[in-house]
Amino acid sequence: MKHLVLLGGGYGNMRVLLRLLPDKLPEDVTITLIDRTPYHCLKTEYYALAAGTVSDTEIRVGFPEHERLHLKYGKVTEINTVDSKVILGDGSEVEYDDLIVGLGCEDKYHNVPGADEFTYSIQSIQQSRATYEKLSNLPSGSVVGVVGAGLSGIELASELRESRSDLTIKLFDRGERILPAFPQRLSNYVQKWFDANNVEVVSKSNITKVEPTMLHNHEESIPVDVCVWTAGIQPVEVVRNLPGEKDSSNRVVLSQYHNLPDNEHVYVVGDCASLPFAPSAQLAEEQAEQIVDVLLTRWKGGTLPAEMPKIKLKGFMGSLGKKQGFAYLADRTITGRIARLLKSGVLWMYKYHNG
C-alpha cells in the first residue's frame, strides 16, 4: 500500500480530499491527515471570530470520513525528506510515500521590536479566540490599533466596528491608499466606508516599535489599548526549515508539478508555496487540483504533461461588516450589498460541499 500523508487540514488539503474521496482514491493508497485540531477551520472567517460577530462553531467543518483516511492530531515539528518521515511534537513518527505539506503561515513582524510580544493575531483559530477574548473584554472607549490594511486588516476593522461601536479603531496602512494594487474606485469605496463609520485610516504609516499600550508610527507615539497585527505572513518554521530554495518571502520554490525540485514525492500547497500570486484560499484550492492530477498520473505510471496549465484565479471578495462588501472579479469592481451577498454565497457553498 502507498501512503499519502497530508500535513495540515487547510483549504489545499481539503480540496485534495474532496477530489480523491470517496471513489477516486486508488485501491492501493491510504491517506493520513495530520492537524492540530480535529476539524477544518475556515481561516478566511477568522476576522469575524476575533471581532465577535460569529461563533466558533460557524467557522468549523468536519473532516471527511473514509475507511482509508486516518486522522492524527498533533503539531508537526520536523519533516525529514531524506528518510521520508514526519516527526510530531510527542516524538511519534509517521512515514510516507508521498507528502503534501499544507501547514499554512504565521505572522511576519519585519523585525519590529515588540511586535511579536505585544500584538494579537488572527492567523490561527487559537490566536483568533484569544484576540476575541481580549477585544470583547475591553471597556468602552478603548483604542484598538490594527496594523496592516490588507484584506484581513480591512475585514477585521470593519467587523469590529459593527461589533463594538463604542471602541476607537485605528487602521494603519503603509500605502497612500487602501488596496493600492486594485482600481481606485474600489479603494475609494472602502475608504468612504471607513470614514462614514468612524474608523481612522492612518496612511503612509511605518510602525517602528510596539509597546504594551503604545504604537510608534514614524516619530509619533500613539496610545492603544490593544494592537492586532495583520501586516504580513510567512510560512511556519517547520516549512522554512525544509531543504531547498526559498523565495524572498521564505516560501518554498517548487517544480511546475508543485513538488520539491529534487524530490517528486514531496509537494507543498497553499501559503507555503512560492507562486506568482498572493496567498489565498482560492489559490490553495486551484493548486491542490493540479497536485491531485499529478499524483493520479504518477500513481498510474502515466506521463505528465510537458507544461502544466497556468493557474487562473477568479478574483477576490471582501466584507465591510455584514451588509456591505467589495469584490474584484473578471477585471470588474463590484461594491455594496451585492458584493457582500456574493461572499456570503461563496461561503455557504463551500460549507455545503465540504460539510
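**Stop 1: the loop after α1**

Select Pro22 in this predicted model. Pro22 sits in the loop that links α1 to β2 (29–35). Now show the backbone from Leu21 to Pro22. The peptide bond between Leu21 and Pro22 is cis, and its omega is near 10°. Most peptide bonds are trans. Keep this loop on screen and step back along the chain.

**Stop 2: helix α1**

Select residues 11–20, which form helix α1. Is α1 enclosed or open to the outside? Of its 10 residues, 8 are buried, so α1 is largely enclosed by the rest of the structure. Color the buried ones: Tyr11, Gly12, Asn13, Met14, Arg15, Val16, Leu17 and Leu20. The cut-off behind that label is a relative accessible area under 20%.

**Stop 3: α1 against α9**

Add residues 337–354, helix α9. Two packed helices are described by the angle between their axes and the distance between the axes. Here the axes of α1 and α9 come within 11 Å, and they cross at roughly 50°. That makes the two helices oblique to each other. The crossing of α1 with α9 is left-handed.

Which residues make the contact between α1 and α9? Show side chains for Tyr11, Met14 and Leu18 on the α1 side. On the α9 side, show Tyr350, His353 and Asn354. By type, the residues of this contact are 4 nonpolar and 2 polar, with no charged ones. Tyr11 and Met14 also appear in the list of buried α1 residues.

**Stop 4: Ser158 in α5**

Jump to Ser158. This serine lies in helix α5 (residues 151–163). Is Ser158 buried or exposed? Its relative accessibility is 0%, so Ser158 counts as buried.

Now display what touches Ser158. Leaving out residues up to four places away in sequence, the contacts are Trp193, Phe194, Ser319, Leu320 and Gly321. Then draw a distance from Ser158 to Ala273. Their C-alpha atoms are 30 Å apart in space, and the two residues are 115 apart in sequence.

**Stop 5: two positive phi angles**

Most residues other than glycine have a negative phi. Two residues to select next depart from that.

Start with His218. His218 lies in the loop between β15 (214–217) and β16 (220–223). Its phi is positive, about 55°, although His218 is not a glycine. Turn on the surface: His218 has 41% relative accessibility, so this residue counts as partly exposed.

Move on to Ala330. Find Ala330 in the loop between β22 (324–329) and β23 (332–335). Ala330 also has a positive phi, about 50°, without being a glycine. How exposed is Ala330? Its relative accessible area is 62%, which means that Ala330 counts as exposed.

**Stop 6: the whole chain**

Zoom out and switch to a cartoon. The protein chain has 9 helices and 23 strands. Its radius of gyration is 21 Å, close to the 20 Å that the globule rule gives for 355 residues, so the chain is as compact as a globular protein of that length. Show the C-alpha trace alone. Along its principal axes the trace spans about 60 × 40 × 35 Å.

Color by burial next. Of the 355 residues, 50% count as buried. Finish with a contact map if your viewer offers one. Take the contacts between residues at least 6 apart in sequence: 67% of them join residues at least 24 apart.

Technical notes: Residues are numbered from 1 along each chain as its sequence is written. This is a predicted model: local features need pLDDT of at least 70, side-chain atom pairs count only at pLDDT 80 or more; totals for chains, interfaces and linings use all residues. Side-chain values use heavy atoms; hydrogens and water are left out. Axes are lines fitted to C-alpha atoms, for helices over the stretch in contact, and angles run from 0 to 180 degrees between N-to-C directions. Helices (H or I, at least four residues) and strands (E, at least two) are DSSP runs, numbered from the N terminus. Angles under 35 degrees count as roughly parallel, over 145 as roughly antiparallel, 65 to 115 as roughly perpendicular and the rest as oblique. A crossing is left-handed if the near helix is turned anticlockwise from the far one by less than a right angle, and right-handed if clockwise. Contact means heavy atoms within 4.5 Å. Ala, Val, Leu, Ile, Met, Phe, Trp, Tyr, Cys and Pro count as nonpolar, Asp, Glu, Lys and Arg as charged, and the others, Gly among them, as polar. The radius of gyration is taken over C-alpha atoms; the globule rule is 2.2 Å times the number of residues to the power 0.38. Buried means under 20% relative accessible area, exposed over 50%, partly exposed in between (1.4 Å probe, protein chains only).
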